[in-house]
Every structure is written in structure tokens, then in C-alpha cells.
Amino acid sequence: MSWKLRRVRQCAKCPWKVSTNPHDIPDGYSEELHQALVRTIAEPGSLDGRGHVMACHEHPPGEEAHCVGWLMNQIGPGNNIPLRLHVMSCENIDAVILEGPQHKRFEDTLPKGNDVAVG
């Protein structure tokens, strides 16, 4: 069954953008919540899907949308195979627009000086 992304353009303060200071993320940035998002990062190349999705911070509860930066990282350099298979049925994946240079790893999205182990 096909499906569509709710959002296809990366938001202005997406933490996956190299230019974003995470502390500038609107609506009360929380380092603790940001670090907890490590659970959304797949072990590269693993067939074991974690089933956790990073939501865009611009969408309120109940109207969640995929974080576009996270999505493109996970189907690209993050090598999230279950997600790659899932987006094969996405009708508008080709419409996704990223804005500027992107982080290659989740750890790089965190404020400088914070190391979180992935895996």
C-alpha cells in the first residue's frame, strides 16, 4: 500500500542541518530529549528495524510528521535498510528537499561536547 510524507521540506531549525545550533530549536529545546532520540538511529546495514521515528519538532502531538533530515540520513548514509524498504512505497519521497549541508551522524546533531553512543 502506498503512503505519503506529511512534510517534504526540511524545516528551518532542523538539527540535521550543519548550520543549526540545537539550542535555537523553538518551543523549549531539551538536551535530554534530543539525546534520547538516539533510539531512532538504526544500526547501519542491519535488517532489524527499531520501529522508532524521529518526528519534526514543528508538528504538534497528534499531527506528527517525519523529521526530513533524519529520514534522508537514515535512507542515505545511515543505511537503515528497513526504512529504505518502507519508503519504496512512498508516493512523494522524490519531492523531499534538504536545505544546505547535513550532518552524517546523529552524534553531530547534538550540542558540541555531548557524546552519545549509537548502536
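Here are some notes to help you find your way around this predicted model.

1. A good place to begin is the largest pocket, which has a volume of about 470 Å³. It is lined by 17 residues, and the closest to its centre are Ile 25, Leu 33, Leu 37, Ala 55 and His 57. The lining as a whole divides into 11 nonpolar residues, four polar ones and two charged ones. If you are wondering how such a space is found, rolling a probe the size of a water molecule over the atoms shows where empty space is left.

2. Next, the salt bridges, of which the structure holds four. One of them joins Glu 58 to Arg 7, with 3.2 Å between the closest N and O atoms. What does this pair tie together? Arg 7 sits in the segment before α1 (31-36), while Glu 58 belongs to the loop between α1 and α2 (68-75), so the bridge connects parts that are 51 residues apart in sequence. The two partners also differ in how they are covered: Arg 7 counts as buried at 17% relative accessibility, whereas Glu 58 is partly exposed at 42%.

3. Further along the chain, Arg 105, Glu 107 and Asp 108 are worth viewing together, as salt bridges link them in a network. Arg 105 takes part in two pairings here. With Asp 108, the closest N and O atoms are 2.9 Å apart; with Glu 107, the corresponding separation is 3.8 Å. Is each member of this network buried or exposed, or something in between? Arg 105 is partly exposed, at 44% relative accessibility, and Asp 108 is partly exposed too, with a relative accessible area of 26%. Glu 107, at 17%, counts as buried, because it falls under the 20% limit.

4. Asn 92 deserves a look as well. You will find Asn 92 in the segment after α3 (81-87), and it is buried, with a relative accessible area of 16%. Which backbone atom does its side chain reach? The side chain of Asn 92 comes to 2.8 Å from the backbone nitrogen of Leu 5. Leaving aside residues up to four places away in sequence, Asn 92 touches Lys 4, Leu 5 and Val 8. The contacts of this residue after α3 therefore include Leu 5, whose backbone nitrogen its side chain reaches, and Asn 92 counts as buried because 16% is under 20%.

5. Now turn to α2, a helix that is mostly covered: of its eight residues, seven are buried. Those seven are Val 68, Gly 69, Trp 70, Leu 71, Asn 73, Gln 74 and Ile 75. Part of what covers them is α3, so displaying both helices at once is a handy way to see this region.

6. Finally, two residues have backbone angles to check. Most residues other than glycine have a negative phi. Asp 27 is not a glycine, yet has a positive phi of about 70°. Asp 27 lies in the segment before α1 and is exposed, with a relative accessible area of 73%. Asn 79, also not a glycine, has a positive phi of about 50°. Its place is in the loop between α2 and α3, and Asn 79 is partly exposed, with a relative accessible area of 24%.

Terms used
Residues numbered from 1 in each chain as written. Predicted model: local features only at pLDDT ≥ 70, side-chain atom pairs only at ≥ 80, totals over all residues. Heavy atoms only, no water. 1 Å grid on protein atoms, 1.4 Å probe; cavity = no way out; pocket = protein on both sides within 12 Å on 5 of 7 lines; lining within 4 Å. Points joined across faces, edges and corners; volume = space filled by probe spheres on them. Nonpolar A, V, L, I, M, F, W, Y, C, P; charged D, E, K, R; others polar. Salt bridge = Lys/Arg side-chain N within 4 Å of Asp/Glu carboxyl O. Helix = DSSP H or I, 4+ residues; strand = E, 2+ residues; numbered from the N terminus. Buried < 20%, exposed > 50% of the residue type's maximum accessible area, 1.4 Å probe, protein only. Polar contact = N/O pair within 3.5 Å; in protein donor to acceptor, adjacent residues only side chain to side chain. Contact = heavy atoms within 4.5 Å.
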